[in-house]
Amino acid sequence: MNHAPETTAQPIAQPAPPEAAVIPGPTLADFEHAQRTVAPVARRTPMETSRHLGRLIGAPVHLKCENLQRTGSYKLRGAFNRLSALSAGERARGVVAASAGNHAQGVAYAARELGIRATIFMPVGVALPKLEATRDYGADVVLSGETIGETLEAAARFADETGATIIPPFDHADVVAGQGTLGLEILEQAPDATTVVVPIGGGGLASGVASAMKQKAAALGRSIRVIGVQAENAAPYVPSLALGEAVTVPVVPTIADGIAVYRPGELNLEIIRESVDEVVTVTEDDIARALLVLLERAKLVVEPAGAVGVAALMTGKVEADGPVVVVLSGGNIDPLLMQRVIAHGLAASDRYLTLRIGLPDRPGQLARISELLAEAKANVVEVLHTRHGAGMQISEVALELSVETRGPAHRAEVVEVLRRAGYEPQIIEE
């Protein structure tokens, strides 16, 4: 009897799981230890789904709401982890920090919970809500310096004189490990995420989140992409990553003051170089529009620095090949600033229009303009009528009008209605 030759089945080759990248700074064990350390104080913030943003980019979008964290931002995580690592002697001598906002509140809250005396130096012009919140958490607040640089110098002198331990906002391994607990939390809440978008200031949050997530994902046999976002007016990471060393850049005023840093942290830059896949920038208008979308569509109050990730999605700077998580890093915004940012966001979204119109100085002209605007279904919110202004004839008056519009098409319609009636409206950009 003839028998078919025996064959040995060969196993199908399986792709090897991604190897853990060699990332400087905290190890995965350090991040997991920090997660246990901060668990008693750091709230497990919710993960919300945004259908609006999902439709915009063609993939599921989840919002990690760290704006709902205790003290209003992620900063509590790093501060508490750093303070928890202090020796008994260091705790007895107290801690000191310099900050105009979220870091101050994070350190103050962490120190109160651990029974450590905290002295926080803040600039003289700090926003009142941030000043009061820091004091309410039990810290001794010292107002010193017109700029954050001068405030940092004052804090350093205090540390030299008293022996208090300086708690840095981002450039320390314990701080990075604490911020990285947010990355581990994201993986637990959105295990199918393929891309995470995170704001970058000095780099504490981005370096912690990216390193923790890359190391944890590799241990799970998968990969994940991390995109960092900076405000265009304060973006030292772009040239620093290009040159391979920390670069100091001039910081132009930005509404995203929470990430307005002129130089990367040294450790943070090393980590981000190895763990963040790309760094993009967004403009002031982009940020204002994103904040407005979060208010209207997600019903979330987010500070401008915390909205830069959403701005990156809305401007097409993040490509999605699967579910995306955007970190909303903070919600501490001065109501007066919010009022200005909302107005700016409405203007940037073509929903608020300011016009200057030259009119003959005779009765009935203001009524005629009002009729035309009513015809165009535009709601007038502010009017300035004056006979004074450069380039005006003696027989002319100037009318400045601010009106609500419903978007680009309606904005163009309002201007066209006025032009058809013989007027020459000039658009005043915000």
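Axes are lines fitted to C-alpha atoms, for helices over the stretch in contact, and angles between N-to-C directions run from 0 to 180 degrees. The model described here is predicted.

In these terms, helix H1 (residues 28-38) packs against helix H9 (residues 204-219) at an angle of about 110°. Their axes lie 9 Å apart. Angles of 65 to 115 degrees count as roughly perpendicular, so H1 is roughly perpendicular to H9. The crossing of H1 past H9 is left-handed. On the H1 side, the contact involves Leu28, Phe31 and Glu32. These meet Gly208, Ser211, Ala212, Gln215, Lys216 and Ala219 of H9. By class, the contact residues of H1 with H9 comprise 4 nonpolar, 3 polar and 2 charged.

A second region is built on a sheet. This sheet is open and has 4 strands, in the order E12-E13-E11-E14. Pairing is antiparallel. Strand E12 (379-386) and strand E14 (426-427) form the edges, and each pairs on one side only. Strand E11 (residues 352-360) runs antiparallel to E14, and 2 bridges join them. In this pairing, Leu355 stands opposite Ile427 of E14.

Two helices accompany the sheet. Helix H16 (residues 408-420) packs on the sheet and touches E11, E13 and E14. The direction of H16 makes about 5° with that of E11. Helix H15 (residues 365-375) lies across E11, E12 and strand E13 (396-404). H15 runs at about 25° to E13.

Notes: Residues numbered from 1 in each chain as written. Predicted model: local features only at pLDDT ≥ 70, side-chain atom pairs only at ≥ 80, totals over all residues. Heavy atoms only, no water. Pairing = 2+ DSSP bridges. Contact = heavy atoms within 4.5 Å. Parallel < 35°, antiparallel > 145°, perpendicular 65-115°, else oblique. Left-handed = near helix turned anticlockwise from the far one by under 90°. Nonpolar A, V, L, I, M, F, W, Y, C, P; charged D, E, K, R; others polar.
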